[in-house]
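Thanks for coming. I have one structure to go through today, and I will keep to what can be read from the coordinates.

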Amino acid sequence: MNNFDYDEGFLMDRVLVCGYCGGVNVGDEAIVSTLANFLSDQFGYRVIILSGDPDLSRHYIGGQFDYVQSFYPRKAGSQPSFLALVQAVKSCKAVFFAGGGLIQDVHSTSLLEHVTLVSELAHSFGMPVFSLGIGAGPIHTTKGKALGKRFLSVNSCIYLRDEYSASYLRALYDDFDYGFFKVQFDTITLLGPQDRDLNSNKLIGICFREWKGFNREWLLSICEKLVDDGFKLVFMAYEKGDTEIYFFLRERLGEAIIVSDESTLEKSLNTIAKLDALLSMRLHANILAMLHSIPFVALSYDEKLRSVLGQFGFGDRVLSLGCDEDQVLDLLKHKGELPKDALFKLKLDQAAVVYGLVGNMDLYSSSGSIIRHAWVFLSWWCHIYAIPAIRKFSLRFLSRFSMFIPEGVKRDLKRRLGIKW
């Protein structure tokens, strides 16, 4: 449910923060929360957060912000309002994408549609669109490639989170102007250095997800060796599906492993702070460990871990998923942490980027275009409402008369509407 009410008096002090928010993913909620708090604390902005599940995000991030429901990720059974989304965007001074792997279509093109919709609406109103800590790739489909280019073309400035993402986009769009691309850090570094529990709790964090190449028995063997060495284990489920791995480990390890409470950002940070070390496939769990000066071993299932963590000087803490178990255990014993002043410099560098964008916001603004706004509004309205309605009508009624419809017409309808006769 939205808790946003339009008020002309607040027109120039609102900003909208967007990402993969409301999808039950701790890392993505954390980066949206970090940027929203920074914009609110440092500049006094009234922040609107776009979320697929506003109630979930409000609980995780906090009730100090306004929330508007997005079309992706969408809570089952919910009915987002396109007009409410347009109204929220229109009321803002700028749109900020908080980061994460937004330019990819690994599972579907829905995420790219989501970010392109929001960015094109903002652009049609003449407001700046800023993307921070963005990851790119892979994009497999023609539709995904087209959406990615549309998203990039309406951004005022893009800060990618690693050089791999920049190289990927340059190779994918060889006819694109990359003058406004910059490579910086992941947005969550705005948190800066965090305090940790200096007392040894003999506690190892385990943060894993199901993925191609991941073997539960391999992880179980590592966990058994850690338990034999006297460690307790805490499983950190950063997505709902991760709990299946926890249940598997719990069945075999019993009370030697527990599951953490990741229901709010504060609780996620508290979990990390109590660890002696972390073993994780999750990028943001590893970065949070880094910010707490806690040793970690990152298990890489794609290029992003190696590339992003390599920027911080932790490329040697990244091992391939399924590598030799003793290699993992040996690396966990080595400290390998950044000093506090280096972590603080990461925050200052990232903060300088945001200060630069906010300070020059008027340079990125324009008067907008009524014609372009009308076109963007109508095209996305058709995409969200009209085309699905036509598709539903076609499947329900026209399939009865399929035998009377020429094959060429059916092929054209299938291509345009994605229907199967």
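I will start with the largest pocket. It is lined by 34 residues, and those nearest its centre are Gly101, Gln104, Arg209, Tyr301 and Lys304. Bear in mind throughout that this is a predicted model. The volume of the largest pocket comes to about 780 Å³.

Which elements supply its lining? At least two lining residues each come from H1, strand E5 (100-103), strand E6 (129-136), helix H6 (163-172), helix H10 (283-291) and helix H11 (303-311). Sorted by class, the lining has 13 nonpolar, 12 polar and 9 charged residues.

Next, the interior. The largest nonpolar core has 97 residues. Leu39, Phe96, Phe208, Leu219, Leu249, Met290 and Leu299 are the ones with the most contacts inside it. Helix H1, residues 26-43, gives this core its largest share, 8 residues. Another core lies apart from it, with 44 residues, including Cys18, Leu111, Leu121 and Tyr173.

What does Met290 touch, once neighbours within four places in sequence are left aside? Its contacts are Phe296, Phe312, Phe314, Leu338, Leu343 and Leu346.

Now Met281, which sits in the loop between strand E12 (277-280) and H10. Is Met281 buried or exposed? Its relative accessibility is 0%, so Met281 counts as buried. With neighbours within four places in sequence again left aside, Met281 is in contact with Cys207, Phe208, Arg209, Trp211, Phe214, Asn286, Leu299, Tyr301, Leu305 and Leu321. Two residues on that contact list, Arg209 and Tyr301, were also among those nearest the centre of the largest pocket. As for Phe214, it is 67 residues from Met281 along the chain, and the two C-alpha atoms are separated by 9.8 Å.

Ile204 is another buried position, this time in strand E9, residues 203-207. Its relative accessible area is 3%, and the cut-off for buried is under 20%, which is why Ile204 counts as buried. Not counting residues up to four places away in sequence, Ile204 touches Leu226, Phe231, Lys232, Leu233, Val234, Leu275 and Ala277. For scale, Ile204 and Leu112 are 92 residues apart in sequence and 36 Å apart in space, C-alpha to C-alpha.

On to H11, which I mentioned with the pocket. Which residues of H11 are buried? They are Leu305, Ser307, Val308 and Leu309. These buried residues pack against H6, E12, H10, strand E13 (296-300) and strand E14 (318-320). As a reminder, an α-helix has 3.6 residues a turn, so residues three or four places apart point the same way.

Both ends of H11 have something to show. The N-terminal end is capped by Asp302, where a side-chain oxygen lies 3.1 Å from the backbone nitrogen of Lys304. Just after the helix, Gly313 takes a positive phi of about 90°.

One buried polar residue is Gln69, in strand E3, residues 66-69. Gln69 has 10% relative accessibility, so it counts as buried. A polar atom of the Gln69 side chain lies 3.2 Å from the backbone oxygen of Gly52.

That leaves the backbone. Where are the cis peptide bonds I want to point out? One joins Tyr72 and Pro73, with omega about -10°. Pro73 is in the loop between E3 and helix H3 (82-90). Another runs from Gly137 to Pro138, with omega near 0°. Pro138 is in the loop between E6 and helix H5 (142-153).

Two residues have a positive phi although neither is a glycine: Lys202, at about 50°, and Ser293, at about 55°. Lys202 lies in the loop between strand E8 (181-183) and E9, while Ser293 lies in the loop between H10 and E13. Which of them is buried, and which partly exposed? Lys202 has 34% relative accessibility and so counts as partly exposed. Ser293 is buried, with a relative accessible area of 7%.

To go back to where I began: if you look at the pocket yourselves, Gly101, Gln104, Arg209, Tyr301 and Lys304 are the residues nearest its centre.

Conventions:
Residues numbered from 1 in each chain as written. Predicted model: local features only at pLDDT ≥ 70, side-chain atom pairs only at ≥ 80, totals over all residues. Heavy atoms only, no water. Core = buried A, V, L, I, M, F, W, Y, C linked by side-chain atoms within 4.5 Å. Buried < 20%, exposed > 50% of the residue type's maximum accessible area, 1.4 Å probe, protein only. Helix = DSSP H or I, 4+ residues; strand = E, 2+ residues; numbered from the N terminus. Contact = heavy atoms within 4.5 Å. 1 Å grid on protein atoms, 1.4 Å probe; cavity = no way out; pocket = protein on both sides within 12 Å on 5 of 7 lines; lining within 4 Å. Points joined across faces, edges and corners; volume = space filled by probe spheres on them. Nonpolar A, V, L, I, M, F, W, Y, C, P; charged D, E, K, R; others polar. Polar contact = N/O pair within 3.5 Å; in protein donor to acceptor, adjacent residues only side chain to side chain.
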